[in-house]
Every structure is written in structure tokens, then in C-alpha cells.
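Hi everyone, thanks for coming. Today I'd like to walk you through a protein model, one step at a time. Have a look at it while I talk.

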Amino acid sequence: MDRLTAARWTAWRLSLPPSSNGYTKHSTIAGLLQMDPRLARSVREATTKRFNWTPGRDQAYGPEEFQQIKLAARRTFRAALLRIRESTAHLTVWREGRIEAGSTEWLLGEALDVLARTGDVPVYDNPRTVRKRYRRALVGGSAEHTWGLGVHIQVAVQWQKASGGDWAAYAAEVSQRANRAHQQGEDVHASR
């Protein structure tokens, strides 16, 4: 402790990066040093000086711009929610056997069932593409893009994991949340 001087402390403080990491180091060490009664008064005073941050480089969104961002997010979520509801209803009808076997609608139901059970649509492994049989129903062949069912494969996998393996139940639960809020008179689209 006797070799620590105010000048040495200041030099160390100035060597820290002007970031949260530098601030954390500064405040932690300063707090520990101030608890030691052997700390010289000049060093104690130096440790109480504020840590200098550099001005931020990013500017926050203005109120109008932020409103536009929220509106776009709300529209995207609403569209996804509607696709989830439609896909859940379609899967239910398919599982009940009320869709003509072999039709495009039936293939879509079968693809949704595979998605619900495995977290992935029916694909070939190499190259990773949608199986030919399902391409017309899914409106495309690339496993990495959005299909007619409106679900991106990575999002579908996240849904499947979040639902403990039952994508259909999870999608139905999300759909019912909005229904309950609507029935209770809440505006699910109002900004908070």
C-alpha cells in the first residue's frame, strides 16, 4: 500500500478503456482500496474521482422514427400471429382427417405435422432443400426461406424448442393469448 501513489492510481485509471468494462474495473478496485485503512489520504481522494466515459457514437431514435419502428414490428408480429393461427387450424383439420388425401392442402398438413413433431419441415440433407413432394404446398424448395405456411425454419425450430416439442400446442397457446386479451377489451396492438 505504501508504494501506491495518487499519480500511479491516476495513470492506471487513464489507461482503462472508456467502456463499461473499464468502469467496472475502476469501481471495483477503488472500492476495495477504500476499505483498507492503510491507504494514503491523497490516493483515497484520487480513487473517488469519477470515471470518464467517452460520448456515445450511436444516436437514439427520435420519437417519430421510434413510432415507425414499433408500427413495423407490430405489423410483422400480427402477420406472423395470423400465419401461426392459420397453420395451427390447418394442422388440426389435417389431423382430424378432414382434408382430401393427396391434395396440396393435405401435403401442407403433412408438412406441418412433420414440423410439429421434429422442428423441421421435410428436407433432404444434402443439399438442404425441401423434399420435392412438399415444394408446391410449401411454395418453394429452399429450407432456409419462408414458405406458404409463413414460418422460417429457424423460427420454427425456436418455437418447437420453446414448446417442449409440441409446436402446434405452442402456436395455439400464443394465438389464444391474443384472443383472451381481445375478449377482455384490451387493445393488443396499442403501444405501451
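I'll start with a pair of helices, then move to a surface patch, and finish with salt bridges. Please keep in mind that this is a predicted model.

Let's begin with the helices. Two packed helices are described by the angle between their axes and the distance between the axes. Find helix H1, residues 6-15, and then H2. Their axes come within 10 Å and cross at roughly 155 degrees. Angles over 145 degrees count as roughly antiparallel, so H1 and H2 are roughly antiparallel to each other. The crossing of H1 past H2 is right-handed.

Stay with H2, which covers residues 20-34, and look for Ile 29 in it. Is Ile 29 buried or exposed? The answer lies in the middle: its relative accessible area is 35%, so Ile 29 is partly exposed. Together with Leu 32 and Met 35, Ile 29 makes a nonpolar surface patch of about 310 Å².

Now for the charged side chains. Side chains of opposite charge can pair when their charged atoms come close. How many salt bridges are there in this model? The count comes to 6, and I'll show you some of them.

One is between Arg 41 and Glu 45, where the closest N and O atoms are 3.2 Å apart. These two residues are 4 apart in helix H3, residues 41-47, so about one helical turn separates them. Arg 41 is exposed at 67% relative accessibility, while Glu 45 is partly exposed at 44%.

Next, look at Arg 117 and Asp 113, whose side chains meet in a salt bridge of 2.8 Å, N to O. Here too the residues are 4 apart, this time in helix H5, with about one helical turn between them. Arg 117 is exposed at 51%, whereas Asp 113 is buried at 11%. Salt bridges with shared partners also bring in Arg 95, joining Arg 95, Asp 113 and Arg 117 into one network.

My last salt bridge is between Glu 110 and Arg 133, at 2.9 Å from N to O. This pair links distant parts of the chain: Glu 110 is in helix H5, residues 104-118, and Arg 133 is in helix H6, 23 residues apart. Glu 110 is buried at 16% relative accessibility, and Arg 133 is partly exposed at 48%.

While you're at H6, residues 132-138, find Arg 135 as well. Its C-alpha atom is 9.8 Å from that of Ala 111, though the two residues are 24 apart along the chain.

That's my tour, thank you!

Key
Residues are numbered from 1 along each chain as its sequence is written. This is a predicted model: local features need pLDDT of at least 70, side-chain atom pairs count only at pLDDT 80 or more; totals for chains, interfaces and linings use all residues. Side-chain values use heavy atoms; hydrogens and water are left out. Patches are made of residues with over 30% relative accessible area and no salt bridge: like charges are joined within 9 Å, nonpolar side chains (Val, Leu, Ile, Met, Phe, Trp, Tyr) within 5 Å. Accessible areas come from the Shrake-Rupley method with a 1.4 Å probe; for residues, only the protein chains shown count as cover. A salt bridge is a side-chain nitrogen of Lys or Arg within 4 Å of a carboxyl oxygen of Asp or Glu. Buried means under 20% relative accessible area, exposed over 50%, partly exposed in between (1.4 Å probe, protein chains only). Axes are lines fitted to C-alpha atoms, for helices over the stretch in contact, and angles run from 0 to 180 degrees between N-to-C directions. Angles under 35 degrees count as roughly parallel, over 145 as roughly antiparallel, 65 to 115 as roughly perpendicular and the rest as oblique. A crossing is left-handed if the near helix is turned anticlockwise from the far one by less than a right angle, and right-handed if clockwise.
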